[in-house]
Amino acid sequence: MSQFIRLIDRFTQLTGQTVRWLSLFMVLATCSVVALRYLFDLPSIALQESVMYLHAAVFMLGAAYTWQQGGHVRVDVFYRSWPEHRRRWVERAGILLLVVPTCLFLIWASWDYVGNAWAIRERSQEASGLPFVYALKTLLILLPITLLLQALAEMLRTLLPTDNTEAHHND
């Protein structure tokens with residue numbers, strides 16, 4: 001089980017570390033949009049849309065990595081003082097009652113929407129915009145899939161002996 005958890009964690013880390021580079025590209029693209037527009041009077045719809053695509057990818061593909069790294073906000077006024085076994089039960093309940101149903105709903109609700117975008121190879125409504133709207137919409141499916149994978153790792157981690165539960169944060 002530990003090996004399976006490490007496999008999921010490695011995938012999540014690889015995804016997160018790759019997505020971090022998208023942040024740099026987003027900053028560079030934003031600076032380019034500003035420079036082209038205000039210094040050279042050359043607006044670029046495609047470049048502006050690329051910033052939006054990168055922004056969406058950073059947040060949607062980085063959510064599972066942020067969870068893995070403990071970066072999501074937790075309101076743990078009571079939780080932090082509870083014994084380890086109770087915290088594990090709360091973690092399991094949160095995953096089973098909140099994360100999994102939400103992710104499954106997101107997949108279900110967006111499946112046809114994304115499928116239709118792919119079927120017509122949906123593109124920007126702007127003439128000079130990007131022709132990859134279908135790829136952007138695919139993030140609606142990838143977000144819950146990556147979160148479900150990380151949820152599985154986190155759930156399995158709660159079943160391991162106590163000394164292994166925090167190891168993933170130090171990898």
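Reader: In this predicted model, is D41 buried or exposed, and what is its relative accessible area?

Author: D41 sits in the loop between helix 1 and helix 2. A residue counts as exposed when its relative accessible area is over 50%, and D41 is therefore exposed, with a value of 63%.

Reader: What is the phi of D41, the residue that follows helix 1?

Author: Most residues other than glycine have a negative phi. D41 is not a glycine, and yet its phi is positive, at about 50°.

Reader: Which residue in the loop between helix 3 and helix 4 has a positive phi although it is a residue other than glycine, and is it buried, partly exposed or exposed?

Author: The residue has a phi near 50°, and its place is the loop that joins helix 3 to helix 4. Its relative accessible area is 48%, so it counts as partly exposed, and the residue is R121.

Reader: How much confidence does the predictor place in the protein chain, and what is the average pLDDT?

Author: Of the residues in the chain, 94% score at least 70. Among the elements, helix 1 has the lowest mean pLDDT, 95, while helix 4, residues 133–159, has the highest, 97. Averaged over the protein chain, the pLDDT is 92.

Reader: How far does helix 1 reach from its first C-alpha to its last?

Author: Helix 1 covers residues 2–40, and with its 39 residues a span of 57 Å would be expected at 1.5 Å a residue. The span in the model is close to that expectation, at 56 Å.

Reader: Against which helices do the buried residues of helix 1 pack?

Author: The buried residues of helix 1 include I5, I8, D9, T12 and Q13, and further along also M26, A29 and V33. These buried residues pack against two elements, namely helix 2, residues 45–68, and helix 4.

Reader: Why does T12 count as buried, and which residues does T12 touch beyond four places away in sequence?

Author: T12 belongs to helix 1, and it counts as buried because its relative accessibility is 2%, where the cut-off is under 20%. Leaving aside residues up to four places away in sequence, T12 touches A64, Y65, Q68 and Q150.

Reader: Which side chain makes a polar contact with that of Q68?

Author: Q68 lies in helix 2, and with a relative accessible area of 0% it is buried. A polar contact of 3.0 Å links the side chain of Q68 to another side chain, that of D9.

Reader: Which element gives the most residues to the largest nonpolar core?

Author: The largest nonpolar core has 20 residues, and those with the most contacts inside it are L139 and L147. Two or more residues come from each of helix 2, helix 3 and helix 4. The element that gives the most, with nine residues, is helix 2.

Reader: Which residues does L147 touch, not counting residues up to four places away in sequence?

Author: L147 is one of the two residues with the most contacts inside the largest nonpolar core. With residues up to four places away in sequence set aside, L147 touches A63, A64, W67 and C103.

Reader: How are the ring planes of F105 and W108 arranged: stacked, edge-to-face or tilted?

Author: F105 and W108 are three residues apart in helix 3, so about one helical turn separates them. F105 is partly exposed at 49% relative accessibility, whereas W108 is exposed at 64%. Their ring centres lie 5.8 Å apart and their planes stand at 40°, so the pair is tilted.

Reader: What kind of aromatic pair do F132 and Y134 form?

Author: F132 is partly exposed, with a relative accessible area of 40%, while Y134 is buried, at 14%. Together with W118, these two residues form one aromatic cluster. The centres of the F132 and Y134 rings are 6.5 Å apart with 65° between the planes, and the pair is edge-to-face.

Reader: What distance separates the C-alpha atoms of F40 and L148?

Author: F40 lies in helix 1 and counts as exposed, at 55% relative accessibility. F40 and L148 are 108 residues apart along the chain, and the separation of their C-alpha atoms is 46 Å.

Terms used:
Residues numbered from 1 in each chain as written. Predicted model: local features only at pLDDT ≥ 70, side-chain atom pairs only at ≥ 80, totals over all residues. Heavy atoms only, no water. pLDDT = per-residue confidence, 0-100. Helix = DSSP H or I, 4+ residues; strand = E, 2+ residues; numbered from the N terminus. Expected span 1.5 Å × (residues − 1). Buried < 20%, exposed > 50% of the residue type's maximum accessible area, 1.4 Å probe, protein only. Contact = heavy atoms within 4.5 Å. Polar contact = N/O pair within 3.5 Å; in protein donor to acceptor, adjacent residues only side chain to side chain. Core = buried A, V, L, I, M, F, W, Y, C linked by side-chain atoms within 4.5 Å. Phe/Tyr/Trp six-rings, centres within 6.5 Å; stacked < 30°, edge-to-face > 60°.
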